[in-house]
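Colleague: I'm new to this one. Can you walk me through it?
Modeller: Sure, let's put it on screen.

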Amino acid sequence: MEELNELLQQRREKVQTFRAAGVNPFANNFKPSHQTTEIAELHVDHDAEQLQDCQESYAIAGRIMARRDFGKAAFIQLQDGSGRLQVYIARDQIGEEAFGHFRKFDIGDIVGVVGLPFRTKTNELSLRASSLQLLTKSLLPLPEKWHGLTDVETRYRQRYLDLITNDEVREMFFKRSRIVSLIRNHMLENGYLEVETPMMHPVAGGATARPFVTHHNTLKMDLFLRIAPELYLKRLVVGGFDRVFEINRNFRNEGISIQHNPEFTMMEFYRAYATYKDLMDYTEELICSLASDVCGGLKISYGGKEVDLTPPWDRLTMKESIAKYGKVELSILDNYEQLRNYAEKLGLEPEESTGPGKLLAEIFDVVVEPNLWQPTFITEYPTEISPLSRKNDDNPEVVDRFELFVVGRELANAFSELNDPIDQKERFVQQLEEKAAGDDEAHAMDADYIRALEHGLPPTAGEGIGIDRLVMLLTDASSIRDVILFPQLKAEADV
């Protein structure tokens, strides 16, 4: 820390030295004409002889990432938002005064350069500077061994340094942006209307999760950061928008892990006159399209193991999957006492009030989910744990719902929507009883949503896809923190 304070003091002194010499250390009067990768693309086929005749002057700006000094000349590596380019700086080219200022520049400073392209003796495309200007004086040095910031906690907390020093991290977030753009374009091309719904809700609804609570002073009321946009999106379907989608943040006051962040990005979409089976087909189509574009094919690698996204994907009911991976008879899953005994043998400790549906889900989490490496749709979820889903016509104990699992984790959740307002109100009442019994994640009553259903929600199917987890899959990222620019962390003093 003492060494860092000394460096900070030295660089502050340089700021004063520059100002005294009439050099603005935080200038804002330089306009780049090109990015470094554009110059590289323009001259990729030009050899040294061809470039000797090039009179095209380029203006680029970026951060000094390395420098090699040779007395009256130097090479620097300049990095901008697109990549890096070598720049040759000679005293006889930029002048005695400018070169004197340059000698005080540090790695990490942001500069503007104007110059002509050429190739060095090692055939590296470079720019021969005719002018050089300091644009931003850095007061803190880049991490030692700038080519690789390796401390994970520092990388997440100081993402700006991570992006400066780790090329693969920059590429990760370029890919994330591309994935989101491809999803948006796919939805628009299939007739979906992109919408924005409230982030602050008077009632926390649309999922079973613990919300964050805030307070609006003027309205004198508590509000909840949304745990899901579902109930507002379905209100829009009631209003006549037959296909809607939203890509935005959800907030859940829950644990942090390699799969969970308190704020995360979801896409939810709803289609009138469709069923959950239609959305299974559409989900296959969407994700296969993304993989083909981003990964170059349907067989991808995740964590050193192959994932084959070639459709059709496996489809199992929840009970079938437990019987398969738990090596247990289906008949045991239909008998509550035997089901409890099986759960206890697995090491689970269900409460006396735990119903058969919730118990099945707890068993599924332990026995099945970690084994679903290849893409698999799990269907026939218990009605007990699906308060917003339509009951199956043949078996009201289950709902018309699926969850998609890949690499042992949930990626999407979808169902045919419950549009019977009487049934919906009864399920909300049941959820209120569970909340009163101590379930903090039980769904609240939303009277206005019931009123919307009473006006008529057409038969509809809806789905939520976790964008962060999808990006993890398509970029082979092991932690959700690797695909979120600024993941939630403990306060720095507590680390």
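Modeller: We'll take a sheet, two helices and some salt bridges in turn.

Colleague: What kind of model is this?
Modeller: This is a predicted model.

Colleague: Okay, sheet first. What is the strand order in the open sheet of 3 strands?
Modeller: The order is E7-E9-E8, with antiparallel pairing. The edge strands are E7, residues 200-201, and E8, residues 213-216. Each of those pairs on one side only.

Colleague: How many bridges join E7 and E9?
Modeller: E7 pairs with E9, residues 221-225, over 2 bridges in the antiparallel sense.

Colleague: Which residues face each other there?
Modeller: Methionine 200 stands opposite leucine 225 in E9. Histidine 201 has phenylalanine 224 of E9 as its bridge partner.

Colleague: And how many bridges between E8 and E9?
Modeller: That antiparallel pairing runs over 4 bridges. As one pair to look at, histidine 215 is opposite aspartate 222 in E9.

Colleague: What sits between E8 and E9 in the hairpin?
Modeller: There are 4 residues between the two strands. Lysine 220 is in that turn, and its phi is positive, about 55 degrees.

Colleague: Switching to helices. What span should H8 have, and what does the model give?
Modeller: H8 covers residues 167-189, which is 23 residues. At 1.5 Å a residue it should span 33 Å. Its end C-alpha atoms are 33 Å apart, so the model agrees with the expected span.

Colleague: Which residues of H8 are buried?
Modeller: Among them are Val169, Met172, Phe173, Ile179, Val180, Leu182 and Ile183. The buried set also includes Arg170, Arg176 and His186.

Colleague: What comes just after H8?
Modeller: Glycine 191 does, with a positive phi of about 85 degrees.

Colleague: Now H15. How far does that helix reach?
Modeller: H15 takes in residues 421-436, 16 residues. From first C-alpha to last it reaches 22 Å, close to the 22 Å expected at 1.5 Å a residue.

Colleague: Which residues of H15 are buried?
Modeller: Pro421, Asp423, Gln424, Arg427, Phe428, Gln431 and Glu434.

Colleague: Why do you say those line one face?
Modeller: Look down the axis of H15. The buried residues fall within an arc of 155 degrees, so they line one face of the helix.

Colleague: What's on the other side of H15?
Modeller: Ile422, Glu426 and Ala436 are exposed there.

Colleague: And what covers the buried residues of H15?
Modeller: The cover includes helix H14 (356-367), strand E16 (398-406) and helix H16 (447-455).

Colleague: What about the start of H15?
Modeller: Aspartate 420 is the one to see. One of its side-chain oxygens comes to within 2.9 Å of the backbone nitrogen of isoleucine 422.

Colleague: And just after H15?
Modeller: Another glycine, number 438, with a positive phi of about 115 degrees.

Colleague: Salt bridges next. How many are in the whole structure?
Modeller: A search finds 28.

Colleague: Which residue does glutamate 246 meet in a salt bridge?
Modeller: Arginine 226, at 3.2 Å from N to O. Glutamate 246 lies in strand E10, residues 243-251, and arginine 226 in the loop between E9 and helix H9. They are 20 residues apart in sequence, so the pair ties together separate parts.

Colleague: Buried or exposed?
Modeller: Glutamate 246 and arginine 226 are both buried.

Colleague: Which salt bridge does arginine 235 make?
Modeller: The side chain of arginine 235 meets that of aspartate 446, again at 3.2 Å from N to O. This pair links distant parts of the chain, 211 residues apart. Aspartate 446 is in the loop between H15 and H16, while arginine 235 is in helix H9.

Colleague: Why do you call aspartate 446 and arginine 235 buried?
Modeller: Buried means under 20% relative accessible area. Aspartate 446 has 8%, and arginine 235 has 16%.

Colleague: What does aspartate 448 pair with?
Modeller: Arginine 451, with the closest N and O atoms 2.7 Å apart. Both residues lie in helix H16, 3 residues apart, about one turn of the helix.

Colleague: How exposed are aspartate 448 and arginine 451?
Modeller: Aspartate 448 is partly exposed, at 33% relative accessible area. Arginine 451 is partly exposed as well, at 47%.

Colleague: Last one. Which residues are joined into one network by salt bridges that share partners?
Modeller: Arg11, Lys14, Asp106, Asp109 and Lys137.

Conventions: Residues numbered from 1 in each chain as written. Predicted model: local features only at pLDDT ≥ 70, side-chain atom pairs only at ≥ 80, totals over all residues. Heavy atoms only, no water. Pairing = 2+ DSSP bridges. Expected span 1.5 Å × (residues − 1). Buried < 20%, exposed > 50% of the residue type's maximum accessible area, 1.4 Å probe, protein only. Arc of directions from axis to C-beta. Contact = heavy atoms within 4.5 Å. Polar contact = N/O pair within 3.5 Å; in protein donor to acceptor, adjacent residues only side chain to side chain. Salt bridge = Lys/Arg side-chain N within 4 Å of Asp/Glu carboxyl O.
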